[in-house]
Amino acid sequence: MFSRIIVYVVVAILAMSQFVSAVEVDPALPSYQKVSGVSGNLKSVGSDTLNNLMTYWAEGFRAVYPGVKISIEGKGSSTAPPALIEGAAQFGPMSREMKSKEITDFEKKFGYKPSVARVAVDALAVFVHKDNPIKCLSLQQLDGIFSSTNKGGGKAIKTWGDVGLTGEWANKPISLYGRNSASGTYGYFKEVALFHGDYKDTVKEQPGSSAVVQGVANDKHSIGYSGVGYKTPDVRIVPLSLKQGAQCYDATAENAYDGNYPLARFLYIYFNKKPDEALNPLMAQFLKFVFSKEGQMVVVKDGFYPVSKALADEDLGKQGLK
């Protein structure tokens, strides 16, 4: 995952002249150009993590094409493949890659694989209450905190004292917040932070990303995970390290791009396109808007990190849109 992100977004890093002060959109990305003949309805079903992004993109797109109607439903990445297979949605946003079975089920129905575009970069963040003084956690420690199986090789962690906090924090049990199993974020965290292990039964599963952050904000001794774009003033994002004793990195765009932040990932939009046919104009223009300068400014607005022109050109080119 990290090496793929490096390959495709390093161009964006080099092109951004003032990256230190703020996340900037690759200046090489084109501005969106309105075309004629775009009308109809679009429906998106899938990831809660991308729910706000899809809504913002829809608002921006409808400002250009007021007659277009777009419906957004975000109940989890696992709802996207069935919606695409059943024809209930044109777009299936996902915060993880489709699983092999999901791809196989799609292929059985249509005779070809689903198409996909990588539309943004996310640093999956680990949140604690704003008053929590923890300075760093390793993936092994996250595994000890959230997992019942400890496949990361560490030990079970139950209190804040187990990760080095002292004083009033030392004996406080760690309260756990996470996503439900329909979420791609749930699956990604399980794969990377839990080393494919199992969650503890004590994790309070939430239906959405914002609910996780809200739970942590209202529970002083808690910890939870969610997309970085859902941060609020009432929580802190904990720097993470790949291994115990290694350097910790903040969940910044630069650390996500260069692979130092261990929970960096692409965000995706899946859709149904016949290999030998052009994508219908409405879907094609929506994707072009997503990969435009305006579309990627929306990514920054929502707290995620933009993709480079090199990646945009590659993914649009695969769909015959360049």
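This text looks at one strand and one disulfide in a predicted model.

Start with strand 11, which covers residues 264-271. Eight of its eight residues are buried, and the strand is described as mostly covered. A strand has two faces, and here both are covered. On one side lie Ala264, Phe266, Tyr268 and Tyr270. On the other side lie Arg265, Leu267, Ile269 and Phe271. The residues of both sides are all buried.

Next come the neighbours of this strand. Strand 3, residues 91-94, runs antiparallel to strand 11 and is joined to it by four bridges. Within this pairing, Met94 of strand 3 stands opposite Tyr268. Strand 4, residues 115-129, also runs antiparallel to strand 11, and eight bridges join the two. Here Ala120 has Leu267 of strand 11 as its bridge partner. Tyr268 and Leu267 lie on opposite sides of strand 11, and both are buried.

Now turn to the cysteines. A disulfide is a covalent bond between the sulfur atoms of two cysteines. How many disulfides does a search of the whole structure find? The search finds one. This disulfide is formed by Cys136 and Cys248, whose sulfur atoms are 1.5 Å apart. The pair links distant parts of the chain, with the two positions 112 residues apart in numbering. Cys136 sits in the loop between strand 4 and strand 5 (137-138). Cys248 sits in the loop between strand 10 (240-241) and helix 8 (253-258). The torsion about the S-S bond is about 40°, so the disulfide is right-handed.

Is Cys136 buried or exposed? Cys136 has a relative accessible area of 28%, and buried means under 20% while exposed means over 50%, so Cys136 counts as partly exposed.

Methods. Residues are numbered from 1 along each chain as its sequence is written. This is a predicted model: local features need pLDDT of at least 70, side-chain atom pairs count only at pLDDT 80 or more; totals for chains, interfaces and linings use all residues. Side-chain values use heavy atoms; hydrogens and water are left out. Buried means under 20% relative accessible area, exposed over 50%, partly exposed in between (1.4 Å probe, protein chains only). Two strands pair if DSSP finds at least two bridges between them. A disulfide is a pair of cysteine sulfur atoms within 2.5 Å.
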